[in-house]
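Please open the model in your viewer and keep the sequence panel beside it, so that each selection can be followed in both places. The tour moves from a whole chain to single residues.

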Amino acid sequence: MHIVVCIKQVPDTKNVRIDPDTCTLVRQGVESIVNPHDWYAVEAALLVRDQYGGKVTVLTMGPPQAEEALRETLALGVDEAVLLSDRAFAGADTWATSLTLARAITKLGPVDLVICGKQAIDGDTAQVGPGLAAHLDQPYTTYARRLELVDGCQLRAERVTDAGYELIQMPLPAVVTVVREIGDPRMPGLKHKMRARKQEIPVLGAADLGLKPEEVGLQGSYTQVVRVFSPPPRCDRKMLNGSVEEQVEQLLNLLKEAKIPGL
Amino acid sequence: MDYFLTEEQQMIKEITAKIAKEKVRPVRAELDETEEFPWDIMKVLAQSDLFGVYLPEEYGGLGGGVLENCLAVEELGRECIGVATTYAASGLGAYPILLHGSEEQKQKYLPAIASGEKLAAFAVTEANAGSDAGGIQTTAQRDGDHYVLNGTKQWITNGGEAEVYTIIAITDRTKGARGASAFIVEKGDAGFSFGKKEQKMGIRASATRELLFNDCRIPADRLISREGTGFIVTMKTFDVSRPGIGALAVGLSQGALDIATEYSRKRVQFGKPIISFQAIQHILADMATETEAARALVYATARYIDSDAKDISKYSAMAKLFPTDVAMRVTTNAVQVLGGYGYMREYPVEKMMRDAKILQIYEGTNQIQRNIIGQELNKEYGRIKETFF
Ligand SMILES: Cc1cc2nc3c(=O)[nH]c(=O)nc-3n(C[C@H](O)[C@H](O)[C@H](O)COP(=O)(O)OP(=O)(O)OC[C@H]3O[C@@H](n4cnc5c(N)ncnc54)[C@H](O)[C@@H]3O)c2cc1C
């Protein structure tokens with residue numbers, strides 16, 4: 001079983017400011033972290049590997065510093081890491097990103113399962129996972145909270161929905177994105193961390209992946225950010241004050257006024 | 001301060017600190033309340049390879065020494081010394097085997113302790129043998145190729161939870177101090193069971209329990225070293241383990257200082273944050289200075305022991321005595337800085353002050369540490385021919 005996890009290094013959005021003029025993130029001086037949702041993807045891969053055997057490779061596309069993010073995942077017991085880094089990759093949208101990652105996965109192959117976090121906290125598109133599946137021409141599911149192998153060649157996933165969960169079964173190779181319910185990411189191990197410090201991380205560029213400059217980065221992107229803005233609030237909001245009991249009382253009255261059935 | 005730690009030592013600190021912050025801090029108040037044994041946390045520490053930091057690589061450890069152990073203990077202790085004691089006591093149980101065990105005993109027991117698959121414990125204390133270990137009444141009688149143990153150990157940390165116990169029992173009462181021997185007992189040995197679990201003032205997450213030996217038959221090869229060396233094994237074990245108690249104290253003091261300082265910057269009285277009052281600043285300054293001095297002493301002693309020095313008893317006693325007295329003062333002052341809030345269970349310093357007290361009692365009370373230091377001084381100066389005045 002070869003599992004590839006795609007991760008992204010993102011600015012620590014707990015500590016970022018938005019530039020009021022351009023409406024974009026001020027990235028300068030902001031620490032980079034592994035996209036928090038991707039830790040669940042790493043954990044999911046390690047859980048599958050622990051149970052069924054095999055190896056886990058973590059993959060990221062990013063600047064040379066993104067190697068740090070890869071080493072952090074190696075400290076959790078990930079087997080290998082590959083960095084996709086090339087000036088030509090800069091400015092990639094979700095199409096160009098997923099194409100680049102897909103090519104790398106094909107090159108790493110054969111790969112049985114690709115796992116991504118549900119979305120990245122900087123772009124929040126949640127498109128790269130499904131995009132990868134499209135480029136790889138593989139079945140996929142999103143928001144999985146549990147993964148299980150059936151007969152060694154099928155993946156069964158519990159997909160979280162607003163109403164509960166869907167049970168989805170599909171043949172491998174496949175792509176999934178996972179949510180936090182998959183389980184808390186494990187703590188780093190000392191032996192893994194020592195190995196991670198020295199482990200060689202191959203760096204691949206566009207040429208290594210057989211991609212032309214016009215297929216990657218800004219040039220290979222079909223979408224363009226025209227404007228970034230805060231959406232207007234969706235509806236009126238009312239803040240309740242007072243003790244918990246008083247607030248419950250007020251809430252109940254408001255719900256009754258709104259003629260909510262059953263009240 | 002930069003203590004010029006190696007990259008590996010730095011990693012031990014970082015990983016333990018992460019576990020302490022993310023896995024210990026959120027549950028410490030609950031563990032204190034329920035006195036539940038922190039198995040979940042022990043499993044995480046095991047998965048992160050932390051149980052073997054001080055054990056040689058040939059037994060599955062990471063090849064570090066006393067300093068590595070102290071670093072891990074300190075970081076855990078910063079969040080909860082109940083949890084940290086549980087971790088440290090496993091090392092206390094392993095040291096007699098590491099220092100005095102046969103090659104077979106090391107091969108048999110250390111790898112499982114290093115991996116954290118099994119916890120260990122060390123048992124000397126009995127109802128009538130506390131500071132005076134000479135009062136031990138538990139006996140081990142040779143019977144062919146077995147020993148038969150009878151007696152009761154009390155207040156044994158990790159009792160009931162550990163799988164491997166190193167215990168001290170009398171093999172020949174006529175020989176006095178040379179009549180005690182150290183043995184390895186396994187959970188599950190016939191005739192070995194557990195008695196009362198204590199309810200304590202502090203470190204309530206740690207288990208403190210009686211060990212009952214009732215015609216407990218163990219193979220003769222469970223004897224550590226030779227018959228009659230029980231007290232030597234005990235002393236040598238404490239010589240290397242005591243800086244670990246100092247490290248618990250440094251961690252606890254640091255944790256209390258962190259909270260007191262943060263709080264005093266936020267708490268406003270008389271229109272100002274209370275840290276702007278010199279009276280508060282001076283309390284914090286003493287807390288910080290004493291904590292740093294304690295840390296420096298613990299690290300220096302640990303490094304000295306790791307250099308294979310022989311004359312370590314005095315320093316190791318100092319590295320337990322000073323930091324633990326500091327921890328008592330620092331945690332008491334942390335409560336003072338937080339005022340009434342500090343006295344409430346809702347704030348963590350109340351537990352820290354309760355927890356601190358044990359550090360001045362176990363692994364030899366601080367009176368006993370002063371005895372050791374005093375006796376060593378007497379010996380040392382007896383050997384010196386020159387005069388100083
Ligand atoms: C929570 C907890 C965990 C423990 N864990 C373990 C464990 O894992 N293994 C183990 O073997 N033991 C353990 N102990 C026992 C611990 O080491 C003893 O409690 C300690 O050595 C003191 O013995 P005592 O309590 O009998 O006090 P005592 O020896 O009765 O001392 C009472 C008082 O007299 C003072 N005193 C005694 N003799 C002298 C002297 N000669 N000079 C000056 N003052 C003196 C002491 O300092 C103390 O203040 C634990 C104890 C506790 C409370």
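Helices and strands are here DSSP runs, where a helix (H or I) needs at least four residues and a strand (E) at least two, and they are numbered from the N terminus. The model before you is a predicted one.

Begin by selecting chain A, which holds 6 helices and 13 strands. The C-alpha trace of chain A spans about 65 × 50 × 40 Å along its principal axes, and 43% of the 263 residues of chain A count as buried.

Next, select A:Leu147, which you will find in strand 9 (residues 140–150) of chain A. Is A:Leu147 buried or exposed? Its relative accessibility is 11%, and because buried means under 20%, A:Leu147 counts as buried. Now add A:Val178 to the selection: the two residues stand 31 residues apart in sequence, while their C-alpha atoms are 9.1 Å apart in space.

Then turn to two cysteines, beginning with A:Cys153, which is partly exposed at a relative accessible area of 41%, and going on to B:Cys216, which is buried at 0%. If you look for disulfides, the count over all chains comes to 0.

Finally, move to chain B and select B:Glu57, in the loop between helix 3 (39–47) and helix 4 (66–79). With a relative accessible area of 60%, B:Glu57 is exposed. Extend the selection to B:Glu8, B:Glu58, B:Glu103, B:Glu104, B:Asp145 and B:Asp221, which together with B:Glu57 form a negative surface patch.

Technical notes:
Residues are numbered from 1 along each chain as its sequence is written. Chains are lettered from A and ligands numbered from 1 in the order in which they are written. This is a predicted model: local features need pLDDT of at least 70, side-chain atom pairs count only at pLDDT 80 or more; totals for chains, interfaces and linings use all residues. Side-chain values use heavy atoms; hydrogens and water are left out. Patches are made of residues with over 30% relative accessible area and no salt bridge: like charges are joined within 9 Å, nonpolar side chains (Val, Leu, Ile, Met, Phe, Trp, Tyr) within 5 Å. Accessible areas come from the Shrake-Rupley method with a 1.4 Å probe; for residues, only the protein chains shown count as cover. A salt bridge is a side-chain nitrogen of Lys or Arg within 4 Å of a carboxyl oxygen of Asp or Glu. Lys and Arg count as positive and Asp and Glu as negative; His and the chain ends are not counted. The place of a charge is taken as NZ of Lys, CZ of Arg, CG of Asp or CD of Glu. Buried means under 20% relative accessible area, exposed over 50%, partly exposed in between (1.4 Å probe, protein chains only). A disulfide is a pair of cysteine sulfur atoms within 2.5 Å.
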